[in-house]
Amino acid sequence: MDDAATDDTSPRCGFATFVGRPNVGKSTLTNALVGEKVAITSDKPQTTRRAIRGILNRPAGQLIIVDTPGIHKPRTLLGERLNSLVEQVLGDVDVIGFCVPANEKVGPGDRRIAESLDGYRRTKKVAIVTKTDAASREEVTARLLEVDALRDDWDAVIPLSALTRVQLDVLTDELLGLMPISPPLYPGDVVTDESLDDRIAEIIREAALEGVRDELPHSIAVTIEDISQRETGSMTDIFANVVVERDSQKAIIIGHKGSRLRDVGARARAQIEPLLGTKVFLSLRVRVAKEWQRDPKQLGRLGF
């Protein structure tokens, strides 16, 4: 059998990550490809704080998508650590997908990120124009031309919408085709390597992010104290902390007579119950860790 035949039929497996400015739709795209919510989404920049792996199985092979924070100018130690996490992931993956939203002109931030990909010579690169559902045909065309001109080594340039799933299969096929020949690295029924504690903490943080403004989103972290199933098996007790940096932020999260915190709990429970397959009793405490984004010890305690 010649090499070309082997290449066509052998399963492929490898790692891809999406880069771009904050809020270009990387986590939404990851979830859409995996077919299940593995990364939280929000209209707040820098929502993603860890390298979250979503696993996609196809007859042609297995695609492991590493969702990372958006690359940004850091203003805190947390921001610096998030940027260095992205750099570390970029050095380890097989394919980098560079994302630009169809409804926004390519700007200096996009150019800077595209140029920074020079540092990853051996990694294959795909340009992705996201959010085509939110743009006119003329805007999509203009974006494709702008993005194509950013580098001369794109392996593909693909417009798509994670929301309407248009062209998602095209991207999947393209990414898998660029992966090395390898057996799967994860069992076929696994969609993420995130621990249950981490997934639940992220769901709570997503619920807490809804409706908050300005600086507060960056100040919110969530830790899980305990998860235990009751003897009947029909109810799971979860005790978690919502961590903020200042007393004034604590008051915002709790809301008038606890109304906002109750909303956060209700939103989070609605997503945690299907994940666990049981009813959930969720106890949320809000605590203050002064300036934790700038404190190496606090960052360590919170897992950064």
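**Close-up views of a predicted model**

**View 1. The end of helix 2.** Just after helix 2 comes Gly-35, a residue with a positive phi, near 85°. This is a predicted model, so please read each view with that in mind. The helix that ends here is mostly covered, with eight of its nine residues counted as buried.

**View 2. Helix 2 and its surroundings.** The buried residues of helix 2 are Lys-26, Ser-27, Leu-29, Thr-30, Asn-31, Ala-32, Leu-33 and Val-34. Which elements do the buried residues of helix 2 pack against? Five of the partners are strands: strand 1, strand 2 (52-58), strand 3 (61-67), strand 4 and strand 5 (124-130). Helix 6 joins them as a further partner.

**View 3. Helix 2 against helix 6.** Two packed helices are described by the angle between their axes and the distance between the axes. Here, helix 2 (residues 26-34) and helix 6 (residues 168-178) have axes 11 Å apart, and they pack at an angle of about 85°. Angles of 65 to 115 degrees count as roughly perpendicular, and helix 2 and helix 6 are therefore described as roughly perpendicular to each other. On the helix 2 side, the residues to look for are Leu-29, Ala-32 and Leu-33. They meet Leu-168, Leu-171 and Thr-172 in helix 6. Sorted by class, this contact has five nonpolar residues, one polar residue and no charged residues. Leu-29, Ala-32 and Leu-33 also appear among the buried residues of helix 2.

**View 4. Gly-20, in the loop ahead of helix 2.** Look for Gly-20 in the loop between strand 1 (12-19) and helix 2. Is Gly-20 buried or exposed? Gly-20 has a relative accessible area of 0%, so it counts as buried. Ile-128 is 108 residues away along the chain, yet the C-alpha atoms of Gly-20 and Ile-128 are separated by 9.8 Å.

**View 5. A stacked aromatic pair, Phe-98 and Trp-154.** The chain has two aromatic pairs by the ring-centre rule. In the pair shown here, the ring centres of Phe-98 and Trp-154 are 5.6 Å apart and the ring planes lie at 15°, so the pair is stacked. Phe-98 sits in strand 4 (residues 95-101), while Trp-154 is in the loop between helix 5 (137-150) and strand 6 (156-159). With these positions 56 residues apart in the numbering, the pair links distant parts of the chain. Phe-98 is buried at a relative accessible area of 0%, and Trp-154 also counts as buried, at 12% relative accessibility.

**View 6. An edge-to-face aromatic pair, Phe-239 and Phe-281.** Here the ring centres of Phe-239 and Phe-281 are 6.1 Å apart and the planes meet at 65°, so this pair is edge-to-face. Phe-239 belongs to strand 8 (residues 235-244) and Phe-281 to strand 9 (residues 279-288), so the pair ties together parts that are 42 residues apart in sequence. How exposed are the two residues? Phe-239 is partly exposed at 34% relative accessibility, and Phe-281 is partly exposed at 39%.

**View 7. Stepping back to the whole chain.** The chain has 11 helices and nine strands. Of its 304 residues, 50% are buried. Among contacts with a separation of 6 or more, 71% are between residues 24 or more positions apart. The accessible surface comes to about 14,600 Å², and carbon and sulfur atoms account for 49% of that area.

Key:
Residues numbered from 1 in each chain as written. Predicted model: local features only at pLDDT ≥ 70, side-chain atom pairs only at ≥ 80, totals over all residues. Heavy atoms only, no water. Helix = DSSP H or I, 4+ residues; strand = E, 2+ residues; numbered from the N terminus. Buried < 20%, exposed > 50% of the residue type's maximum accessible area, 1.4 Å probe, protein only. Contact = heavy atoms within 4.5 Å. Areas by Shrake-Rupley, 256 points an atom, 1.4 Å probe, with all protein chains shown as cover. Phe/Tyr/Trp six-rings, centres within 6.5 Å; stacked < 30°, edge-to-face > 60°. Axes fitted to C-alpha atoms, helices over the stretch in contact; angles between N-to-C directions. Parallel < 35°, antiparallel > 145°, perpendicular 65-115°, else oblique. Nonpolar A, V, L, I, M, F, W, Y, C, P; charged D, E, K, R; others polar.
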